[in-house]
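This briefing looks at the fold of each chain in turn. Please keep the sequence and the coordinates at hand while reading.

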Amino acid sequence: MMTDYDLLFAILFQLAQLLLVVLLAPLLTGWVNQCQAWLQNRSGAGVLQPYRVLRKLFHKDAVIAHNASPLFRVTPYIVFGCMWLAAAIIPIIAVDLPFSQAADVIALVGVFALARVFISLAAMDIGTAFGSLGARREMLVSFLAEPALLMVLFTASMISHSTQLPRIVDTLAHHQFVLYPSLAFAALAFVIVLLAENARIPVDNPSTHLELTMIHEAMILEYSARHLALIEWASSLKLFAYISIGIALFIPHGIAEVGNWAGLPLAIALLLLKLMLAGAALAVLETVMAKMRIFRAPEFLGTAFLLAVLGLLIHFLLGA
Amino acid sequence: MPIKHPGLNLKRLTDAVPAWAGEVAPHALPEICQQVRDGGGRLVALWGCDAREQRGWFMLHVALMNESGLVCLGVPLPAHHPEYPDISHIFPAAGRMQRAAYDLLGIYAQEGHDHRKWLRHGAWHSGSFPLRKDFDATASRTAEADAYPFVQVEGQGVHEIPVGPVHAGIIEPGHFRFSIIGERVLRLEERLGYVHKGIEKRFESMSLQQGAKLAGRVSGDSTVAYAWAYAMAAESIAGVTPSSRTLWLRALLLERERVANHLGDLGYLGNDVALSFGFAQFWILKEQVLRNNAALFGHRYLMDRIVPGGVTVNLDAAGKRVIEEECAMLEREVRILRNIYDEHAGVQDRFIGTGRVEPRLAAQLGLCGMAGRASAQAWDARVQFACAPYDKLDVKMATYRNGDVAARVIVRFDELFESLRLQREIMVNLIHDKEAPALLETLPANGFGIGLVEGWRGEVMVAIHTDAEGKLARVHPHDPSWQNWPLLEHAVIDNIVPDFPLINKSFNLSYTGQDL
């Protein structure tokens, strides 16, 4: 039975996580960029660069196309809100957070989809060729990535008999260390989905200036100043959220229980370590790969779906 | 004689490259062009001069090339009716040059079917022509915009993407109009001319040595090639031959320019397939070359190092050692990087088969230079018309048949290694002495000279006409991009839109070099 006292703690934990993710997300992006710079023999702009970019953008005056509808203006806030909400649902520092109860993994995928719908609509709202081009490509990539992501999450749900993320994490974190073959396949699939959904190489290139090759960047070409800042921040949050899902599903060990103040510092330290490792791994992946032709993306994501389905089948066959 | 025709009397120019000049009547022009074309020759350049003051007419100049050398035809056109027969059906590359000649001088091709302005962009009145001697630059400003109808592609699901002239990255301005269906490119139409700066007009008021500086700034990435071609043209008029040390140094600078640009392009090609690793590595190497340039020759991109009559640089024993060490380092590093590119499945998947220009099409449309050699067009001025010192160097031409992005990468790698070999060979032959540069200050009156240099992109040509006082009457710098831009339109057909930047970069053509 949850007492008022517990509830207070839970809310405090939730607030702590909300603040932590929104403040840490740009740092993760900066870390990934810095790792890439090191891998390319460059000195890099430093891990704090994303914060500087955000500060710069928030200080600028926004330029908005004459024919922009209110949809175009509200989209950055909606996208930012969606990503922040997603990051609030995922058990990042502690398992049983009040928000987690509100939405299960299917709703989580829905939150990501909601943001995508709005940003694609906003891209087409202005009526430039690039916006529509980007929106079209984004839809191609995401309608293939989404089912694969659901399959990955279902594999984990099968093991824990729940689609609630806290239950899944709780089950996986408190088992003694066993290797689930089904989860190994799901993890591979998840990495592919993560690359595709976060506009990373080999599906998209977040640092390109070639407008004709862009996917995500083409959709936000018309944004400036605070709107662009929110979208950039939301992208950082999305990457943070995805890596956090990955950590929650595949290496949840060490996560704190709500109310366990003593365990919190260790949980946060472990989380930071995991994030650093994941970010570095992402940088390595992106450095060794070239961007594929856009029509290879369906094969690539098809592989993800296949791997996730294999994971599911293995769970049925082996029960593990 | 490279061309025999009853209406043509060719005179050999005292030039470093085999070149002839002669005059023909307008009606004989297509016949001669056809003859050159049938013999496997090409169009190099087409430009006009206002010779009304001296001779009472306009002149059209057409530079053709076949295996014996360069032939420059002068075609007198009546002042009141400056028209000439269209040659774009023989040499398709002539189309845009003819349009530019009209914009600048008001001479036009009969039956030319494309009358859209190429260079004008509404910067001066459509009835006035900047290269005419009576053009009033102060009175002719206008803001009238041009109607420029692009060719429309119709059909279900076909739509257009306009790109540029302002791009998302910091590159030169050019407008590209894609007609696409889904991601597939049905047609691309280029519109250039956004960086027209009036370079040719500016030359008219300059002295010979001032002109050398301007020539070196026609296209910054080919500054050595332009400066050398300009110097070669001037020396040809003056009938002087620079010292052998000067020529060795010029060749050294030209090869260093080639190495720097090929390194940069190979990096960019990696970047365009999102292999930033390759980008960073090649640019570290390029930066090293540029820094050595600055330390040894006083300028990173070697601007103003070649002047008519000589060079302004010298190289001592210590400098030679720096270059030898640099060559050894580049050889080692680029070999490793080439292996990485060759064995990277993702990179090769993007390179192979992308933006293919078949040799037949390349020959038909006159693709030239480095891109031409990747489509089996075996033209290299350093080989066929080897002027000193290339006649002693035995340059090995890099050619490839596939004509895709991968082929252009291969040709770049091969040329890079060959350039390193040439630099080493030049080091052996170059003697250090403190000879003072014998600068050329004046030119004979009513002279005509032509310079042809194989820059990294292709053959750069500069033609100089002097007036009755020996001043610069007309200077025409010609960039190989004139020939190669139209091929880019063909190279992207049936490719997908996101591959265009890669294909474009694999040609890496100059905007400023042809917008002038």
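Two strands are taken to pair if DSSP finds at least two bridges between them. The model discussed here is predicted. On that footing, Gly22(B) stands opposite Leu73(B), a residue of strand 5 of chain B.

**The sheet of chain B**

- In chain B, 5 strands form an open sheet in the order 1-2-5-4-3, and the pairing within this sheet is mixed.
- The edges are taken by strand 1 (11–12) and strand 3 (42–51) of chain B, each of which pairs on one side only.
- Strand 2 (residues 19–23) and strand 5 (residues 69–78) of chain B run parallel and are joined by 5 bridges.

**Helices on the sheet of chain B**

- Helix 1 (residues 29–38) of chain B lies across strand 4 (57–66) and strand 5 of chain B, and runs at about 15 degrees to strand 4 of chain B.
- Helix 3 (residues 94–105) of chain B also packs on the sheet, where this helix touches strand 3 and strand 4 of chain B and makes an angle of about 10 degrees with the direction of strand 3 of chain B.

**Chain A**

- Chain A has 12 helices and 0 strands.
- A compact globule of 320 residues would have a radius of gyration near 20 Å, and the 19 Å computed for chain A agrees with this.
- Along the principal axes, the C-alpha atoms of chain A fill a box of roughly 55 × 45 × 40 Å.
- Of the 320 residues in chain A, 49% are buried.
- Among the contacts in chain A with a separation of 6 or more, 81% are between residues 24 or more positions apart.

Note on methods
Residues numbered from 1 in each chain as written. Chains lettered and ligands numbered in written order. Predicted model: local features only at pLDDT ≥ 70, side-chain atom pairs only at ≥ 80, totals over all residues. Helix = DSSP H or I, 4+ residues; strand = E, 2+ residues; numbered from the N terminus. Contact = placed C-beta atoms within 7 Å. Axes fitted to C-alpha atoms, helices over the stretch in contact; angles between N-to-C directions. Rg over C-alpha atoms; globule rule 2.2 N^0.38 Å. Buried ≥ 20, exposed ≤ 12 C-beta atoms within 10 Å, placed from the backbone.
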